[in-house]
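Hi,

Here is the structure I promised to pass on. Please have a look at it first, and my notes follow below.

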Amino acid sequence: MPTINKQDLSETDICDLFITPAIKDAGWDQSSQIRREVTLTPGPIVVRGNISTRNKKKKKFADYVLSWVIGVPLAVVEAKSNNHSVSHGLQQALGYAEILVVPSAFSSNGEAFAAHNKVPAAAEKIETQFPLDQFPPPQILWQRYKSYRGIENAPEELVLQPYHSDSSGKEPRYYQVEAINRVIEAVAKGQKRLLLVMATGTGKTYTTFQIIWRLWKAKAVRRVLFLVDRNILADQTLVNDFKPFGSVMAKVKNRKIDPAYEIHLALYQAITGPAAEDKIFKNVSPDFFDMIIIDECHRGSAAEDSAWREILEYFSGAIQLGMTATPKETKYVSNLTYFGDPVYTYSLKQGIEDGFLAPYKVIRIDIDKDLYGWTPPSGMTDDLGREIDDRTYNQKDMDRILVLNQRTKLVAGRVMQFLKATDPYAKTIIFCEDIDHAERMRSAIVNAAGQLAIDNPKYVMRITGDSVEGKAELDNFIDPESKFPVIVTTSELLTTGIDAKTCKLIVLDKTINSMTTFKQIIGRGTRIEEEHNKFYFTIIDFKKATELFRDPDFDGEPVIIYEPGPNDPPVPPDPEPGADDDDIDGGDVDDGGTYKFIVSGVSARIVAERIEYIGPDGNLITESYRDFTRKQIKTEFASLDEFLRRWNSAEKKQAIIELLEEHGIILDNLAEIVGSEYGAFDLICHIAYDQPPLTRKERADKVKKRNYFTKYGEPARAVLNALLDKYADEGVGTLENAKVLKLKPFTDMGTPMEIINQLFGSKTNYENAIQELEQELFNLEQTA
């Protein structure tokens, strides 16, 4: 057998010929313990303008994940080609080990292994290198893992109980695996009160199902109560994530807990209430349930006087798991104090960075009467003839104490303007102050929608706790396959727990100073639905609620983009946020007969729309897209000369364009500012270096006027002339794509092979001709 020169081998060859055999020889089972090419995160979605793309360069992708059993990862191995050192990939492996929360990371180039051990014994080094034939066996790394996780004495039959798997092949994501394992390990160590914090849209219910399944299958628990506070949450859970429980599962109905079932789903209002006879949970013994899971436990469940707290105390011997997206710690209520520190946290910020949650952009709109206030003339009466209190009304009063019908009309008109300019059928939730406001907003949207509302009366619906007709449409609104209703108005009913995967627009015309409520509302849009082209969502904010993005308690920076017209005024300074509002988390706010002044004759207008961006460092930048782009280009190309050198030396100009996209610059957006007739080269030179731009057609015409083509025969000149026309129409990407030769007018000149080989002599000659053509096109001296 000839000697293999490892430096001639690819990374895949190194894996196949050296790394995988070495791991297998150490006793690892290839089918159940060795996983190759494991995607940990898909990479964040980058939003610029109305364009969204995944940043695949930030995708987290491990060459090997080694597991004790499926679902219990122990180690990461990063492979490199033999042109790298043995430890070259160790830093990368450590990053992946951090994500998976495992103690062992390895790197190899096919010569040996480099290792990092997070729990070395007294005499051991943290990092070592050893030959290929000395890779540690599974038992060694399993013992190391148990030590790292503090589960040396935990019963293995519980910790290693398999997940539920079905024919769909759905597997938990890395953070779901970690959340499930953390809860199982805590239970194995005897912990009774547990808190799990997972951002909305990250699959809390699926994670809960797997936790219950493993504990139930391992016989660590028999009877389980899953408590929710919305009927739709219980119904969704029954038919979706919890479906595998089948005949052992039931929803508590008719105020009776049936001991024939083991998995019980209950609306907490169905098993308790203010009167003694309402407390049907006391009809079973305190040891009836082995485990209680409280969904959305931030909503008052831990308050001393809460009905949920009463249930928890009655079943005090059960394992109690609180699930929340927003851990709450205030002087009034604290689920942190009740449950203890979270066993695991997966934040909104992390979900967006990983690419599992949708980023968002925000349009902040200031209305004159909100910003500057409105004082009624002395003795003025409202539409019902009531004298209006003589004081100044501002933003916090709007639609709570004072109703300006023209303001409602203005908000509805701006929302419909946005939808008609983007997608009139994008699922939209408008959050209002109360039920009365939600009804008035529904009517205003109908009038602003015009023919859209005439064509389908369910184009917009009010979905509030008191509306039977509206609540009947809730399933249709959250169903991705159902077109109607498109827009819903609400106050509180849709703040939590509603799985509206295709919601693309959230409108805030509601005062929100509660961080918990704010996070829950934002969570209505964070789900990604690729099948329905939902990669990000937009927030239109009329009430300064997005000031909470700046709060250090908010854990997910927004992608905030808006491109106003040239006449939009600057934004005045913002007032300080007020004290906590008195939002009611349990359901819609009814005005309850609150005295509101209703005024039709007072105008309202938009005075500002804020322009804000998220920079590459994740911080908010208040500047124009043009200024943002200029700075980003100059961080990559400090001078015009440097840009020209790199542009001209680039074999494919598309590589420069993709490099700028990594900085958050989408050239299509620049073209909207400067002009769609300008190409990438001129957009960059003009925005960053103040060069006068030429249109693509002007550049092409200047090249045609020169004697550049004379060295080619007539047929080849015709091809180059046609390529210049294609550039003028479509841009530089067309020049660099050989598939253009399959289009008209090139098909009239011959096949691609005939054009390349007969008219230009060879593929190399054709590529050289394209490069020369680009040099002529982008020669600043010749085109000045």
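What share of the contacts in the chain with a separation of 6 or more comes from residues 24 or more positions apart? Those residues account for 72% of them, where contact means heavy atoms within 4.5 Å.

Before the rest, a word on the source: this is a predicted model, in which local features need pLDDT of at least 70, side-chain atom pairs count only at pLDDT 80 or more, and totals for chains, interfaces and linings use all residues. Residues are numbered from 1 along each chain as its sequence is written, and side-chain values use heavy atoms, with hydrogens and water left out.

The chain has 784 residues, and 55% of them count as buried (under 20% relative accessible area, with a 1.4 Å probe and protein chains only). About 34100 Å² is exposed by the chain, 48% of it supplied by carbon and sulfur atoms (Shrake-Rupley method, 1.4 Å probe).

There are 29 helices and 26 strands; these are DSSP runs, H or I of at least four residues for helices and E of at least two for strands, numbered from the N terminus.

One open sheet has six strands in the order β1-β4-β5-β6-β7-β8, with mixed pairing (two strands pair if DSSP finds at least two bridges between them). Its edge strands, β1 (34-41) and β8 (127-131), each pair on one side only. Within the sheet, β5 (residues 72-79) and β6 (residues 104-108) pair in the parallel sense over five bridges, and V77 has F106 in β6 as its bridge partner.

Best wishes

Technical notes. Buried means under 20% relative accessible area, exposed over 50%, partly exposed in between (1.4 Å probe, protein chains only).
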